[in-house]
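Please look over the sequence and the structure shown here before reading the briefing that follows.

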Amino acid sequence: MEVSSVNEILRRRASHEPARTAYVYLGDGEREEARVNYAELDVLARAVGAALQELHARGERALLLYPAGLDFVAAFFGCLYSGVVAVPAYPPHPARPELTLPKLQAILFDSQAKFVLTTTPILSKVAPLFARDEAFRHLRWLATDELDRVRADDWNETDVVTDDLAFLQYTSGSTSAPKGVMVSHRNLLENSAYIHYGFEHTPESVSVTWLPAYHDMGLIDGIVQPLYGGFTGYVMPQTSFLQRPLRWLQAISRYRATHSGGPNFAYEHCVNKIRPEQRRGLDLSCWRVAYNGAEPVRDETLRRFAATFAECGFRAEAFYPAYGLAEATLKVAGARSPVICKLESAPLEENLLVEASALSDPQNVRTLVSSGRMDLGTRVVIVEPSSLTECAKGRVGEVWVSGGGV
C-alpha cells in the first residue's frame, strides 16, 4: 500500500469502504458494548484532531490515559490526524496512586507532555492527583468522550512526512525507569507491512485482542494491524481475560477469529483454568495464527495447549512463536510451526550451544523454541558484547537488529 502515514490509510478506508466494521469492543469480554465502522472512526478521529488543533497542540506530546475501548482508538488516531505525538500510558489507580503515579510521572517528565487525553470518569478522579504537584499543574486535560462529532467539520488536514514522529512507545519499566521509543510513521508502516506479510492477513481476517493498548503488542497488533489490513478487530479488557480466560477463546470461537495471541503465560492460563466441560462449546478451527511472544516461548506450553484444545479444532500448526520489542516498533522475527532445539544445560551456561543426544541426562537438557526467522529487510546479527564482533556459530551473544521498524 503506497501511503505516507497510517492517517492516510484510515482516510482512504473511510472514503472507499465507509460502512465496513473497523473495531468491536467487548465490554466484559463477552457482550458487545460498542462497534465503529471506518466512516464513524474517521469522524471521531477528526473531532479529536480538531480539538487538538484548536489548542495549537501540533508537535506537542499528549499522554493518553484510557481504559480498554474505542475511546482510546479514536484518541490515538485523532493525535495522528493533528500532528500530535501520542503517548499511550496506563491510567493510575485513584485508590492506590502510590503504586502507579511514580511511573506515570516519570513518563510525563521524559516525554515533556503538555496535554492529557482521557475520558470524563478518569479525568474527574485522576486530574486532582496531578494538581497536588506543582510540576504537573501545567497539563491541559481533554475528555474526548464528551466531544461533539460535529467538531469533525472543523478539522484541517495535516501534512505528514513519513519520517515525522507518530508516537512514543514506553517500555514497561519493570526493571528500570520506563524508556520512550520514538516511532515514526515510516517505522509504523514498515513494521505493519512486515506483520501483514508474516501473518498472511487478508481483508477476510478477524482478530481478537485482550492485550492493553499502552503495550507495543496490544497497540500495533491489536489496534493498528486491523486498520492496516482492512479487517475487523475485536477488543476486550485485559482484566476480562485474566479473570476468566475462557472469554478469550469464546470470542475467537464466536467471531471466527483467524488471528490472535499473547505472551506464553496466556496459553498456560487457558490450560490451567478452562475446565473440560467449558471446552465443549468451543470451535477453534478458524484460528490460523496463534502468535506467542513477549516472553520466552516454552515447548511444554505449546504441547499442553495443543493437546488440551485439539478436541476444539485447534491445530498445533497455527502456533507462531515470535520475537519483538518496542525499539523495533513490534516484530523482529516469527514463523509458523516452531522449531524445537534440545541443548545441554552446562555448556549453555557458558554461552555455548551443544545439542543434546539420546545419551544426555534429561535433567541436564534444556528445550528451546525458535522465535522464527526474519524477512522483508529485517536483519539480525548475534554479537559478542565485549568485542562487538559477530559470534561464531554455536555461541550465545547479544541480539542486534536493523530494519525499517527500528
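Which residues does Leu249 touch, not counting residues up to four places away in sequence? Leu249 touches Cys270, Ile274, Leu282, Leu284, Trp287, Phe305 and Phe309, where contact means heavy atoms within 4.5 Å. This is a predicted model, in which local features need pLDDT of at least 70 and side-chain atom pairs count only at pLDDT 80 or more, while totals for chains, interfaces and linings use all residues. Residues are numbered from 1 along each chain as its sequence is written, and side-chain values use heavy atoms, with hydrogens and water left out.

**Nonpolar cores**

- The largest nonpolar core (buried Ala, Val, Leu, Ile, Met, Phe, Trp, Tyr and Cys residues joined through side-chain atoms within 4.5 Å, with buried meaning under 20% relative accessible area for a 1.4 Å probe and protein chains only) has 93 residues, of which Phe77, Leu117, Trp248, Leu249 and Phe309 touch the most other members.
- Helix α3, residues 70-82, gives the most to this core, with nine residues; helices are DSSP runs of H or I with at least four residues, and strands are runs of E with at least two, numbered from the N terminus.
- Another core, of 19 residues, lies apart from it and includes Leu63, Ala89, Leu101 and Leu108.

**The sheet**

- Eight strands form an open sheet with mixed pairing, in the order β2-β1-β10-β9-β11-β12-β13-β14, where two strands pair if DSSP finds at least two bridges between them.
- Because β2 (32-37) and β14 (331-334) stand at the edges with a single partner strand each, one side of each is left without a neighbour in the sheet.
- Strands β11 (residues 259-262) and β12 (residues 289-292) pair in the parallel sense over four bridges, and Gly262 stands opposite Asn292 in β12.

Methods: Buried < 20%, exposed > 50% of the residue type's maximum accessible area, 1.4 Å probe, protein only.
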